[in-house]
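Grab your viewer and work through these exercises one at a time. Try each task yourself before you read the solution under it.

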Amino acid sequence: ELLIFFITMKAIKASSFSSLIPTKPLITQFQKPILSLPFNPKLSNFKNRTKFKLNSTSSSTIATEPKDPIAINIENEGETEKFDWYSHWYPVMPLCDLDKKVPLARKILGIDVVVWWDKNEEKWQVFEDKCPHRLAPLSEGRIDQWGRLQCVYHGWCFNGSGDCKFIPQAPVDGPPVNTVKKACAAVYPTIEQNQILWFWPNSDSQYKDIATKEKPYYIAELDDPSYTSSMGIRDIPYGYEVLIENLMDPAHVPYAHYGIMNVPIPCTPKADREGGRPMEISVQTLDINGFFAKQERGYSKFIPPCVFYAMPKFGSSNGTANGSASSGLIKEAPSDKQQRRMLLIFICVPVSPGNSRLIWSFPRNFGVLIDRVVPRWVFHIGQNLILDSDLYLLHLEERKIVDAGSSNWQKACFVPTKSDALVVAFRKWLRKYSGGQIDWGSKFGGILPPSPPKEQLMDRYRSHVLNCSSCRVAIKGLKALEVALQVISIASIGIIAAIKQGVMSMTAKTVVVSMAVLGFAVSKWLSNFIYKNFYFHDYNHAVR
């Protein structure tokens, strides 16, 4: 199983991320401006120089006059419309990770909600996570034998429509206080799509049937049986803005993920600390609905507020990508032979200032059997390690950005190369259509929560394992195996000690003792494996 894990993780990580990194040096002179960066007058003394060398070992140079080295074609430049964060669908959880037996608390866009299975309506319900009685969290409640959500503080019960069906303290022959509108729980519209539960962040009755008029962005590959569609989820201790721009940045992979994705494969550069290359990334259009970008080895698209995905190119040298019309990237060229396709799908959820949530899936139409044989938790080990390798530095980076002021991002950060085109495009979109930040309403004052200790910040158990049904089962089974190995080891030694001399041969005793020692050693190794992969795995760049 460990051999399968090693091979599959290497294969998946190599095909997932390395494919977005260019394989050959690009022309460093900006033939045509692609993105628009503000000109810094402090750099004006460079105008008489032909080149500016980045460092002693780099072959990259910046053109003589990079006044606007990155230019974006913004549709309707004079448009004043603002992005309405509360008029879009938001993902709650992958359906495979929801438990029908217990309510689940979630925070999305600053809204505390509870997710629970309504067996009477046979659908997932999303309520505001507070009982109208005394505002106790309904997520701490239970689902009773009649399929109602019960608040365990005073026993009030609600059906799937939010109606209060029972107040234990109300006299049977008294007025029906449970029918008063104020006794009802707030219900949010929900929809299941792409194997994910989504909710609409407005409980007003006018949005009750919003799912018939508007749906989340649809990605056909997630529902295509010829593709793999394994998903993962993790709570991230830095904000939505930093999460998205990090996922849009292929240039950081050889450095921030050094030692994790170091897999040499044909036509792919070695992902090491010498693997940085110039990148040709061109943002084609940008408007309130997001933007589309093209780069040497693929295409990517941002659909606000949550969806960002990329499609790497496989084996195409004529500039035609193996795209998907259903995903809106590029129309597919007819072919008698099935082409290899893969999407890197990242669904980014704003939770609160300084916190976000990531749902990911990498559907592909090759190597499908691997995902059907190997359990999800095996892949999650490597995927969580990738997230951990730059998690701490991004948490600290966000605080520096906030200190500089979110609206001053482009002044505080120096982004002179095309490798940052997607990041700059996202920040331009955010500034133009949302004033440079998320609309949290009146919930937050824009202050980040204090930084916890590193062990707590990178804790996988609460951020991932508790949210993942596959990892929950895995850790339970591995812990049981650890205890079983220890019991067998101790019992074996005890049996040998209790047996009279001469009853068991010396060879047999040696074998039993050896097996006991080996079992104990394996149990200790397993204990360390569980801790590093399900609780805390530090990543120190200085010693790797």
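**Exercise 1. Find which residues Leu-138 touches beyond four places away in sequence, and decide whether Leu-138 is buried or exposed.**

Keep in mind that you're looking at a predicted model.

- Step 1: list the contacts. Leaving out residues up to four places away in sequence, Leu-138 touches Pro-103, Val-114, Phe-127, Glu-128, Asp-129, Lys-130, Cys-131, Leu-149, Cys-151, Phe-158 and Ala-185.
- Step 2: place the residue. Leu-138 sits in the loop between β6 (123-128) and β7 (142-143).
- Step 3: check the accessibility. Buried means under 20% relative accessible area, and Leu-138 comes in at 0%, so it counts as buried.
- Step 4: try a long-range distance. Ala-105 is 33 residues from Leu-138 in sequence, while their C-alpha atoms are 8.4 Å apart.

**Exercise 2. Work out how β5 pairs with β4 and with β6.**

- Step 1: take β4 (residues 104-108). Five bridges tie it to β5, and the two run antiparallel. One pair to look up is Ile-108, which faces Ile-111 in β5.
- Step 2: go to the other partner. β5 and β6 are also antiparallel, with six bridges; Trp-116 has Gln-125 in β6 as its bridge partner.
- Step 3: look at the connections. The β4-β5 hairpin has two residues between its strands, and the β5-β6 hairpin has four.
- Step 4: check how covered β5 is. Of the eight residues in β5 (residues 111-118), seven are buried.

**Exercise 3. Look at the two hairpin turns for positive phi values, then say whether each residue you find is buried or exposed.**

- Step 1: recall the baseline. Most residues other than glycine have a negative phi, and most peptide bonds are trans.
- Step 2: pick out the exceptions. Leu-109, in the β4-β5 turn, has a positive phi of about 55°. Glu-122, in the β5-β6 turn, has a positive phi of about 55° too.
- Step 3: get their surroundings. Leu-109 is buried, because its relative accessible area is 0%. Glu-122 has a relative accessible area of 61%, so it is exposed.
- Step 4: add a peptide bond to your notes. The one from Pro-304 to Pro-305 is cis, with omega near 5°, and Pro-305 lies in the loop between β17 and β18.

**Exercise 4. Trace the seven-strand sheet and find the helices that pack on it.**

- Step 1: write down the order. The open, antiparallel sheet runs β14-β20-β19-β18-β17-β16-β15.
- Step 2: mark the edges. These are β14 (231-236) and β15 (281-287), each pairing on one side only.
- Step 3: note the twist. Ignoring direction, neighbouring strands are turned by 15° against each other on average.
- Step 4: zoom in on one pair. β19 (residues 344-352) and β20 (residues 355-361) share seven bridges, and Phe-346 is opposite Trp-360 in β20.
- Step 5: add the helices. α2 (residues 240-247) touches β14, β17, β18, β19 and β20, at about 165° to β19. α7 (residues 421-434) touches β15, β16, β17 and β18, at about 15° to β15.

**Exercise 5. How many disulfides does the structure hold?**

- Step 1: apply the cut-off, cysteine sulfur atoms within 2.5 Å. The count is zero.
- Step 2: test two cysteines. The sulfur of Cys-468 is the nearest one to Cys-96, at 7.3 Å; it is also the nearest to Cys-471, at 3.7 Å.
- Step 3: compare exposure. Cys-96 is partly exposed at 43%, whereas Cys-471 is buried at 2%.

Methods: Residues are numbered from 1 along each chain as its sequence is written. This is a predicted model: local features need pLDDT of at least 70, side-chain atom pairs count only at pLDDT 80 or more; totals for chains, interfaces and linings use all residues. Side-chain values use heavy atoms; hydrogens and water are left out. Buried means under 20% relative accessible area, exposed over 50%, partly exposed in between (1.4 Å probe, protein chains only). Contact means heavy atoms within 4.5 Å. Two strands pair if DSSP finds at least two bridges between them. Axes are lines fitted to C-alpha atoms, for helices over the stretch in contact, and angles run from 0 to 180 degrees between N-to-C directions.
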